[in-house]
Amino acid sequence: MSFEKSKVYFGSVQHGKIALFASFAAKVEKITEILINQTEIEEKDKIAIKMHLGYYDGYQTIPVFFVRRIVEALKKTGGYPFITDNPTAVYNAVNRGYTQETCGCPIIPIAGVKDGYTTPVEINFRGFDSLEMGGVLKDADVLVDLSHAKGHGACGYGGAIKNLALGGYSGSTRWRKIHGVAQIDKYWDKEKGSPEHAKKLVDACPYGALHYNEEKGDLIRNYHNCRQCFTCLEIDHDIGAVKLPKESYTAFQEMMAISTKKVLETFKPKKVFYLNFLIQITTFCDCMGMGQPSIINDIGVLGSKDIIAIETATLDLIKKEGIIEKNIPPYFKDVNLNPNEDLHPFTRLHGPYKDPYESVRFLEKMGVGNSNYELIEILAPEETAEMKPPKMEFEGEPTFF
Ligand code: SF4
């Protein structure tokens, strides 16, 4: 962590006055303008706006209303913005309101229409040599990492890092390598555990996180669904066939830090900025393809030139806000709500091995960004409450404008 503080601009959803200049949209515009002014965008630069456009019925992504404003602001630089995400999300984005007409710019699949337009990036992590990064990222000159902050089953939290770490790669890399890294540590000893024992464990897991492959004699854990309730370890206590290695959970977060760093290495730091929307913050990620109640109250928008600073500030603000207890999914039986334990809401929800700060720490250790930040509030409610509104003139008759 550097002693120098990185700037994080914050716009609250709260307003100080009923006036357009005090609205959340005005804050999004102002923060976007500040960041564009701090970013080196040349005429005709191709500007990739990396978003998560959701899936099926998952409508709680960044509203197209804000996306269009950001796109319009970027166009004024003389650059050519386009939105990019995985091919499936791009293809059915129209169902969630994202089209070239509504967003104001093209929407391009990050790795081509067949998910095969990729560029290999070398890594050397837990037996994986390389990852297939979306070729469109390599083609772009400028990157806007436009993210929706929410919970995530596999790592507790999804925001600016997750948007690049998983969303920046082809489907096979995303699932087989980045998610697949959690499966590297051995956690089932078939010599010790009989098929009957395995089936008993499968039936006992309250979250359906275990599956038994009879043909191979393998017990398979879905790390996304596992909430580390330790029931399987308790049942297995006298047999010793099962392990729950914490390293498998953190390996996924370290892999996300590595894949994010590789995306960022393809851009000059001066040509990147980050926006996180802290609204409709749900328990699970936008990939779930379904609506969920907000688990944290709406907070606002954050913008920064530093991915570590924005992610740290996002998580800190979410922690300060706290869980809306009545919106915890009813099948989450063992959420630790003890106020005497200093836990992040996403750790309470997704389990002790899914610390949402973990991937941020890994990425900071790799020299990308600084967790020491200064939060600068833009158009704070206290400030707008004192501002004089322009003289309002009411329309005498209905108009289209
Ligand atoms: S720790 Fe709990 S949730 Fe995870 S696999 Fe074991 S029983 Fe299932």
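**Asking how we know**

Author: Around the ligand, the shell's residues split into nine nonpolar, two polar and two charged. This is a predicted model, where local features need pLDDT of at least 70, side-chain atom pairs count only at pLDDT 80 or more, and totals for chains, interfaces and linings use all residues. Residue numbers start from 1 along each chain as its sequence is written.

Reader: What makes a residue of that shell nonpolar, polar or charged?

Author: Just its type: Ala, Val, Leu, Ile, Met, Phe, Trp, Tyr, Cys and Pro count as nonpolar, Asp, Glu, Lys and Arg as charged, and the others, Gly among them, as polar.

Reader: Which residues are closest to the ligand?

Author: Of the 13 that surround the ligand, the closest are Cys205, Cys226, Cys229, Thr231 and Cys232. To be near, a residue needs its C-beta atom, placed from the backbone, within 6 Å.

Reader: Okay, helix 1: how do you know that its span agrees with its 14 residues?

Author: A helix is a DSSP run (H or I, at least four residues; strands are E, at least two), numbered from the N terminus. The expected span is 1.5 Å times one less than the number of residues. For helix 1 (residues 24–37) that gives 20 Å, and the end C-alpha atoms are 20 Å apart, so the two agree.

Reader: Which residues of helix 1 are called buried?

Author: Lys27, Val28, Ile31, Thr32, Leu35 and Ile36. Buried takes 20 or more other C-beta atoms within 10 Å of a residue's own (exposed is 12 or fewer, partly exposed in between), with C-beta atoms placed from the backbone.
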